[in-house]
Structures are given as structure tokens and as C-alpha cells.
Amino acid sequence: AMERDINYAYTISLVIVVSFGFLYMGYLFACFNSLTYIVHKQYMNAGKFVIQDRDVFNSVISALVPIGAIFGAVVGGPFAERGRRRAIIILAFLLFLCSLLCMVFNFF
């Protein structure tokens with residue numbers, strides 16, 4: 001039988017990275033949960049189209065997080081195939097641009 005050497009440092013590092021990923025996802029859910037109440041009030045005060053019930057609005061926004069994660073995982077693969085560094089630069093620029101567009105609501 002062929003013996004395999006197990007790289008314990010790599011395995012432990014991988015488990016830690018995955019654990020922090022789940023921790024980060026839980027943190028985002030907690031932040032979105034409290035943030036959506038503020039965003040809902042801001043939209044209601046501005047007279048923008050929004051779901052009237054605050055709890056339904058919170059549920060919809062929270063449900064979009066895993067959907068966005070799935071979309072990012074599917075779309076991220078082809079980006080990474082063309083080079084990880086290039087993909088990170090392009091997606092960082094896209095994130096910056098989208099963040100600026102989200103701030104437009106605060107000014108207009």
C-alpha cells in the first residue's frame with residue numbers, strides 16, 4: 001500500500017481559514033440585521049420605493065446575502081482562471097465603483 005504523508009500545518013491552516021470564513025459570514029448577517037432597520041427608515045423618510053413592513057424588508061435583505069455569495073462563487077471561477085491578481089484588481093475596482101454608486105442615495 002502507498003503511504004501518504006499528511007501535511008498537518010497545511011490542514012490546520014485550511015481549517016482555520018474555512019472557520020474564519022463562516023465566522024465572517026455570521027458577522028455579516030449580524031451587521032445586516034441591525035443595519036437594515038436604519039436603511040429601511042432612511043428609505044421611508046426619503047419616500048423611496050421600499051417594502052413597507054420593516055421585518056419583511058430585513059428578511060429580504062438578509063436573504064440576498066447568500067444569493068450574492070453563490071453568484072460570486074460562480075462568477076469568481078472564470079475570473080480566477082485568467083489570473084488571481086488580475087481578478088482581485090478588477091473586482092476591487094468594481095467594488096469601489098459600486099460603493100460609490102450606493103452612496104448616491106445619501107446625496108440625492
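**Briefing: helix packing, connecting loop and surface patch**

Gly47 is exposed, with a relative accessible area of 63%. This glycine is placed in the loop between α1 and α2. The model described here is predicted. The points below cover the packing of helices α1 and α2, the loop between these helices, and exposure in α2 and α3.

**Packing of α1 and α2**

- Two packed helices are described by the angle between their axes and the distance between the axes.
- Helix α1 spans residues 8-46 and helix α2 spans residues 54-81; their axes come within 9 Å and cross at roughly 145 degrees.
- The handedness of this crossing of α1 and α2 is right-handed.
- On the α1 side, the contact is made by Met25, Phe29, Phe32, Asn33, Thr36, Tyr37, Val39 and His40.
- On the α2 side, the contributing residues are Arg54, Asp55, Phe57, Asn58, Ile61, Ser62, Val65, Pro66 and Ala69.

**Asn58 in the α1–α2 contact**

- Asn58 belongs to helix α2 and is one of the residues through which α2 contacts α1.
- Asn58 has a relative accessible area of 9% and therefore counts as buried, the cut-off for this class being under 20%.
- Apart from neighbours within four places in sequence, Asn58 is in contact with Phe32, Asn33, Thr36 and Tyr37; these four residues are also listed on the α1 side of the helix contact.

**The loop between α1 and α2**

- For Gly47, the C-alpha atom is separated by 24 Å from that of Cys31, and the two residues are 16 apart along the chain.
- Ile51 is also found in the loop between α1 and α2.
- The relative accessibility of Ile51 is 30%, so Ile51 counts as partly exposed.
- When residues up to four places away in sequence are not counted, Ile51 touches His40, Val56, Phe57 and Val60. Of these, His40 and Phe57 also take part in the contact between α1 and α2.
- Ile51 and Leu23 are 28 residues apart along the chain, and their C-alpha atoms are separated by 29 Å.

**Exposure in α2 and the α3 surface patch**

- Ala73 is found in helix α2 and, at 57% relative accessibility, counts as exposed because the cut-off for this class is over 50%.
- From Ala73 to Ala87 the C-alpha to C-alpha distance is 13 Å, with the two residues 14 apart in sequence.
- A nonpolar surface patch of about 910 Å² is formed by Ile90, Leu91, Phe93, Leu94, Phe96, Leu97, Leu100, Leu101, Met103 and Val104.
- Leu94, one of the patch residues, lies in helix α3, which covers residues 84-107.
- With 43% relative accessibility, Leu94 counts as partly exposed.

Notes: Residues numbered from 1 in each chain as written. Predicted model: local features only at pLDDT ≥ 70, side-chain atom pairs only at ≥ 80, totals over all residues. Heavy atoms only, no water. Patch = residues over 30% accessible without salt bridge, like charges linked within 9 Å, V, L, I, M, F, W, Y side chains within 5 Å. Areas by Shrake-Rupley, 256 points an atom, 1.4 Å probe, with all protein chains shown as cover. Salt bridge = Lys/Arg side-chain N within 4 Å of Asp/Glu carboxyl O. Helix = DSSP H or I, 4+ residues; strand = E, 2+ residues; numbered from the N terminus. Buried < 20%, exposed > 50% of the residue type's maximum accessible area, 1.4 Å probe, protein only. Axes fitted to C-alpha atoms, helices over the stretch in contact; angles between N-to-C directions. Left-handed = near helix turned anticlockwise from the far one by under 90°. Contact = heavy atoms within 4.5 Å.
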